[in-house]
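Student: I should like to learn how to read the features of a protein model. Where might we begin?

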Amino acid sequence: MKFFIDSANIDEIREAAGLGILDGVTTNPSLVAKEGKDFRQLLDEILAIVDGPVSAEVVSTDQEGILREAHELAKIHENIVIKVPLIREGLKAVRSLSDEGIKTNVTLCFSPTQALLAAKAGATYISPFVGRLDDISIDGMELIEQIITIYRNYDYRTQVLVASIRHPLHILQAGLLGADVATIPFKVIDQMFAHPLTDSGLQRFLDDWKKSDARFV
Ligand code: G3P
């Protein structure tokens with residue numbers, strides 16, 4: 001299972017990369033806007049930190065504009081993955097990018113049939129948003145299960161990238177279902193380390209060691 005960080009914040013990306021568990025990065029226009037930096041400069045900084053797929057999203061909504069932006073982004077670095085919204089014009093663009101050998105991440109997926117369309121268009125990744133479905137009382141992880149079943153039935157190569165993750169339980173469920181990638185906010189990566197029995201157990205080991213005559217050789 002691959003772990004991407006869902007962030008455009010350089011400090012978060014650097015810290016997550018330093019943990020040695022990071023395979024890639026996903027950004028979106030909202031995350032980029034929050035940083036208040038030039039998009040190109042931000043991408044260059046991210047690419048210098050992480051040697052893995054970095055999703056950069058287009059903001060045009062017509063095929064021609066999407067393709068123009070996609071080609072601009074793809075020129076920057078071979079690790080750039082073009083993030084395209086799951087709309088008609090978007091999938092037309094994904095088909096041509098796929099034919100050109102340019103990697104794509106189809107975003108804003110909320111139904112299994114949308115995911116099927118993305119796979120047929122040749123998407124490298126599909127990004128179903130589990131948290132935003134949970135927010136409206138629809139089980140986001142059920143969508144992941146359905147997409148994985150459909151892709152396995154027909155041997156589609158499109159990788160299932162679980163997005164809009166809100167807590168470690170989403171990652172547990174994604175792992176049990178066999179999702180290819182989880183893109184995780186920094187806060188949730190941090191939460192995954194935490195267990196009270198780890199903290200209390202370590203404290204007891206260290207206290208017992210200190211009380212003894214044992215020396216570390
Ligand atoms: O980057 C796409 C997705 O992960 C967004 O998540 O938290 O805005 O629903 P969120």
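Tutor: Helices and strands are DSSP runs, numbered from the N terminus. The model shown here is predicted. In it, L19 lies in the loop between helix 1 (10–18) and strand 2 (24–26).

Student: Is L19 buried, exposed or partly exposed?

Tutor: A residue is partly exposed when its relative accessible area falls between 20% and 50%. L19 has a value of 40%, so it is partly exposed.

Student: Which residues make the nonpolar surface patch with L19?

Tutor: I21 and F193 join L19 there, and the patch covers about 270 Å².

Student: Let us turn to the interior. Which residues have the most contacts inside the largest nonpolar core?

Tutor: They are I82 and I126, in a core of 59 residues. Helix 8 (residues 140–154) supplies the largest share of this core, with six residues. Another core, of seven residues, lies apart from it and includes F4, F129, L161 and A163.

Student: What does I126 touch, leaving aside residues up to four places away in sequence?

Tutor: Among its contacts are L86, V106, C109, I147, Y151 and V160.

Student: Which residues of strand 6 are buried on each side?

Tutor: Strand 6 (residues 125–128) is covered on both faces: Y125 and S127 are buried on one side, and I126 and P128 on the other.

Student: In which sense do strand 5 and strand 6 pair?

Tutor: Strand 5 (residues 104–109) pairs with strand 6 in the parallel sense, over three bridges. Opposite I126 of strand 6 stands V106, a residue that I126 also touches.

Methods
Residues are numbered from 1 along each chain as its sequence is written. This is a predicted model: local features need pLDDT of at least 70, side-chain atom pairs count only at pLDDT 80 or more; totals for chains, interfaces and linings use all residues. Side-chain values use heavy atoms; hydrogens and water are left out. Patches are made of residues with over 30% relative accessible area and no salt bridge: like charges are joined within 9 Å, nonpolar side chains (Val, Leu, Ile, Met, Phe, Trp, Tyr) within 5 Å. Accessible areas come from the Shrake-Rupley method with a 1.4 Å probe; for residues, only the protein chains shown count as cover. A salt bridge is a side-chain nitrogen of Lys or Arg within 4 Å of a carboxyl oxygen of Asp or Glu. Helices (H or I, at least four residues) and strands (E, at least two) are DSSP runs, numbered from the N terminus. Buried means under 20% relative accessible area, exposed over 50%, partly exposed in between (1.4 Å probe, protein chains only). A nonpolar core is a set of buried Ala, Val, Leu, Ile, Met, Phe, Trp, Tyr and Cys residues joined through side-chain atoms within 4.5 Å. Contact means heavy atoms within 4.5 Å. Two strands pair if DSSP finds at least two bridges between them.
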